[in-house]
Amino acid sequence: MADAASIAVPRSRLWTLAKKELFSLVVSPISWIILALFYMLRGAETVQLLLNPAVAQNGDVDGFVMGYLIGAFQSTLYMAVLVPPILTMRAFAEEKRTGSLELLMTAPVRDYEVVLGKWLGAWVFYAILWTPTVLILAGLQLWLGLDIAYGQVFTSCLGMMSLGSLLLAAGLFTSSLTDNQLLASLTSILFGLGLIMVPPQLAATAHVDVDSPFYLVLLDQANVARQLQLFFFRGHVDTGHLAFYVSTTVLFLFLTVRVVESRKWR
Amino acid sequence: MPEQTNPEQTNAGRSRVEGKSFGRARKLGIAVTVVATAAVAIAVWGVLQFVLTRAKLRTTIDWSRGAKFTISEETKALIDQLRTREDKLEIHTFLRSHLEFARPQNPPGVQRVAPIQEACVRATYDLLRRLDYLGGDQVTVKIHDIYRDIRASGNRANELGLSDLNVVTVKIGLRKRSLDLLRQMADIELPPVERNRPGQLPNPVLRAYKGEEAIASALGSLLAEEELTAYWVTSFDTAPFHGPTGNAGDGVAPLARAMRDSGFRNKKLDLRRDANVPQDCRLLILAGPEAPLSPRAVGAIHAYVKNGGRVLMTTGVTSAGAGSSQISFKRLLQPYGMSLGDKWVFNALRDPQNPTDFRFGDLRCSRIVVRSGMNRSHPVTARLLQRGEPVELERARSISLADPMPEGTQADILLSTHSKSWLVDVPPFNARPSLAVPRKADQRTFHVGACVEVEPATADGKKGRFCVVAGLAFRKGTALGNLAGSLFQANRLFGVYLVNWLVRDKKFVPVATGERHEAKMNVAPTQVGRAKLWLVWLVPGLFLSCSFLMLFWRRRA
């Protein structure tokens, strides 16, 4: 019987791998360009929101915060879908192409440590990407004197981080399947867009009386756009939704580990 | 010459072939293992979704301002009760869009309600979503789109007996309650007109959204009702379920059927044989008794009402006239301060072209049409008035109330004739009543429907209710063959509303909703200009300069 110490992930090794991944992302000019573009769009949306007299004069602060977090053109959702593939497309595809993955695999690290390390590094960078959103909101609070409910801001960040973790794991999985970065990122983007767009369409045609409860549950769980807009961005968290994000992330990471492992056996 | 073979070479070739096939088998094995584990993982993931979303395992965390998404403990207790009893709750919504209120062609008063409608609709959907999650399999929420699925939602609204839209209907089995969004689920304040601005109407203010309280109260009432059993007294020559010809000509079966559709269970009761009204009786119906009621039966009914029982009595004048049945009715109604006249009530016919013009001397004057004489404050008649549905009675007799009323009773007149009504002697069997034009002095208003509430015997008991409709109202045919139109068809809604009101006690579930707290914005245009500079240019510019910095640093490194 394996003892607990051997099962537990060695934190130092995992953190080293995560730091390496994070460092490679931080020093990449592309990452900063993404950040700049993202916040330019977000700033334009916020100004658009403030230019609306119904919002700026006697508008509801909670509504403004929600509008700010989602984005006037729902850019948050689309950025949330586009950014993780860009962050993860290199993870395995680039290493496979250059051959550095074989080198990494021969190092005294386990496969799941490599996968987890890469995912963690990307996730931390993703979190850094969202930090200015909260800082800007705090700045707006000080400057415009808004009475902001930070519970709502916290749950919004939780929602974005949960979705990010899922999409990063999915991105790692697609990256592990191919050595073509573009293909990996495109597949991952398609998956993300599908996740945002397909379940609402299916939910609109689902029939509570007719369709199987299993299908309805899956549809409801996978309807991430609805979950974000009706729950997370409004200060409301359903543990059922969190379970979906965590379990799906674990599923993709598990599948990635299996794919990485299968390279050794070939 | 036979070619000599090197045994070593042969073995190497064999092992290469074996290695190739072994490699292929190994690859196949690995592929199968990978696919199988992936399939198992996906299956486990699917099952996990199903398990983790069960109502017992999931919970919600509310960090919104004022915890506005939190369901109260009172409502949770009701949902638990629902689960324990394995009852299924259905909630149907037929809500109007605020845009419909905001149309420019609407009166300004309606347009001003649009923001309140929008806020209430949003709050209702939030509430129903939470109830749906909380209730799990026990609660089903169906949102009917009255703009897109016009036919389907219209049919559903008809099935639920809705007279108007913008309502939420709460339903358990056949029992249901409908709640008007703006009247029952919201506390709207209309500020008074300011003195210095007499022509300008102030905007209504949504003080509190009370949807949870309204739905919880409706749910509590439905759960308290359990099974509604109505007992129809079959003795004392009460009206048969089916007419004498067996074709339901003048029977009361249509009312029984309508009651069944409303969730009632109909049973027969012979009060000559049974000494008491059964314990499970929620409504006792005395449909047109013609024979005298026995003192024992009268005593049983009195005891039943005293203990919170509900009675509906319909009685029209009969050719047999007054006599001993009239005496027994007097004994029955005396404790409730009511007495019945023994003459036939006629009313003049209104001219449809000119409602102030009346016609006399017509047999159709015997059909009492109550339109303006309905009680505006009573829930039953107020709803009929709202829908513009009159009540029609035949062989009507007058009801008089005692002055003062007996102690512990409170009377409500439900139906009164118009002022051009008079009394006619009941003719012998098969003879026509007198159609002589009455003297002006004899024309007046008569009460033809009343309800008395009786204080309970104990402090925790229910109020008893005794309702009299003094005329034939719920028969399928007409009492007088030459009058057109079925009585029951004309009074269907009246009958359904009345029996439902009689048995249903409103249960109020107090839910702390509190005042609406909304943090408001007040941003000056100059502040927007500065926000634009910071958010659109400076912050992104900072990140862009970081990218150049990284590029520079990498090139140097």
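Visitor: How many helices and strands does chain A have, and what kind of model is this count taken from?

Guide: In this predicted model, chain A has 13 helices and two strands. Chain B, by the same kind of assignment, has 13 helices and 23 strands.

Visitor: What share of the residues in chain A and in chain B is buried?

Guide: Of the 266 residues in chain A, 55% are buried, and of the 557 residues in chain B, 45% are buried. The cut-off behind the word is a relative accessible area under 20%.

Visitor: What part of the contacts in each chain joins residues 24 or more positions apart?

Guide: Counting contacts with a separation of 6 or more, residues 24 or more positions apart account for 77% in chain A and for 74% in chain B.

Visitor: Why is A:A44 called partly exposed?

Guide: The relative accessibility of A:A44 is 33%, and because partly exposed covers the range between 20% and 50%, A:A44 falls into that class. The residue is placed in helix 3 of chain A, residues 29-51, and its C-alpha atom is separated by 8.9 Å from that of A:A72, which is 28 residues apart along the chain.

Visitor: Why does B:N491 count as buried?

Guide: B:N491 has a relative accessibility of 0%, and the class requires a value under 20%, so B:N491 counts as buried. B:N491 lies in helix 12 of chain B, residues 487-503, and, leaving aside residues up to four places away in sequence, touches B:P390, B:V391, B:E392, B:A473 and B:F474.

Visitor: How do you know that chain A and chain B touch, and how much area do they bury between them?

Guide: The contact takes 67 residues from chain A and 60 residues from chain B, where a contact requires heavy atoms within 4.5 Å. The two chains bury about 5700 Å² between them, with 68% of it on carbon and sulfur atoms.

Visitor: What makes A:D147 and B:R65 a salt bridge?

Guide: Their closest N and O atoms are 3.2 Å apart, and the rule asks for a side-chain nitrogen of Lys or Arg within 4 Å of a carboxyl oxygen of Asp or Glu, so the pair qualifies as a salt bridge. Across the interface of chain A and chain B the rule finds three salt bridges, and there are 16 residue pairs in polar contact between the chains, both residues being at pLDDT 80 or more. The side of chain A that touches chain B has, by class, 40 nonpolar, 18 polar and nine charged residues.

Visitor: How do you know that a strand of chain A pairs with a strand of chain B?

Guide: Strand 2 of chain A, residues 236-238, and strand 1 of chain B, residues 60-62, are joined in the antiparallel sense over three bridges, and since pairing requires at least two bridges, the two strands count as paired. Within this pairing, A:H236 stands opposite B:D62 in strand 1 of chain B.

Visitor: What makes B:E73 and B:K76 a salt bridge, and where do the two residues lie?

Guide: The closest N and O atoms of B:E73 and B:K76 are 3.7 Å apart, and the limit is 4 Å, so the pair is a salt bridge. Both residues lie in helix 2 of chain B, residues 73-85, three residues apart, about one turn of the helix. B:E73 counts as exposed because its relative accessibility is 57% and the class begins over 50%, whereas B:K76, with a relative accessible area of 28%, is partly exposed.

Visitor: Why is B:D180 called buried and B:R183 exposed?

Guide: B:D180 has a relative accessible area of 12%, which is under 20%, so it is called buried; B:R183, at 60% relative accessibility, counts as exposed, the limit being over 50%. The two form a salt bridge whose closest N and O atoms are 3.2 Å apart.

Visitor: What distance separates the closest N and O atoms of B:R367 and B:E394, and where does each residue lie?

Guide: The distance in this salt bridge is 2.9 Å. The pair links distant parts of the chain, 27 residues apart, with B:R367 in the loop between strand 15 (358-359) and strand 16 (368-370) of chain B, and B:E394 in the loop between strand 17 (391-393) and strand 18 (399-401) of chain B. B:R367 is buried, with a relative accessible area of 10%, and B:E394 is buried as well, with a relative accessible area of 1%.

Key: Residues are numbered from 1 along each chain as its sequence is written. Chains are lettered from A and ligands numbered from 1 in the order in which they are written. This is a predicted model: local features need pLDDT of at least 70, side-chain atom pairs count only at pLDDT 80 or more; totals for chains, interfaces and linings use all residues. Side-chain values use heavy atoms; hydrogens and water are left out. Helices (H or I, at least four residues) and strands (E, at least two) are DSSP runs, numbered from the N terminus. Buried means under 20% relative accessible area, exposed over 50%, partly exposed in between (1.4 Å probe, protein chains only). Buried area is the accessible area (1.4 Å probe) that two parts lose on being put together, summed over both. A polar contact is a pair of N or O atoms within 3.5 Å; within protein, one must be able to donate a hydrogen and the other to accept it, and residues adjacent in sequence count only if both atoms are side-chain atoms. Ala, Val, Leu, Ile, Met, Phe, Trp, Tyr, Cys and Pro count as nonpolar, Asp, Glu, Lys and Arg as charged, and the others, Gly among them, as polar.
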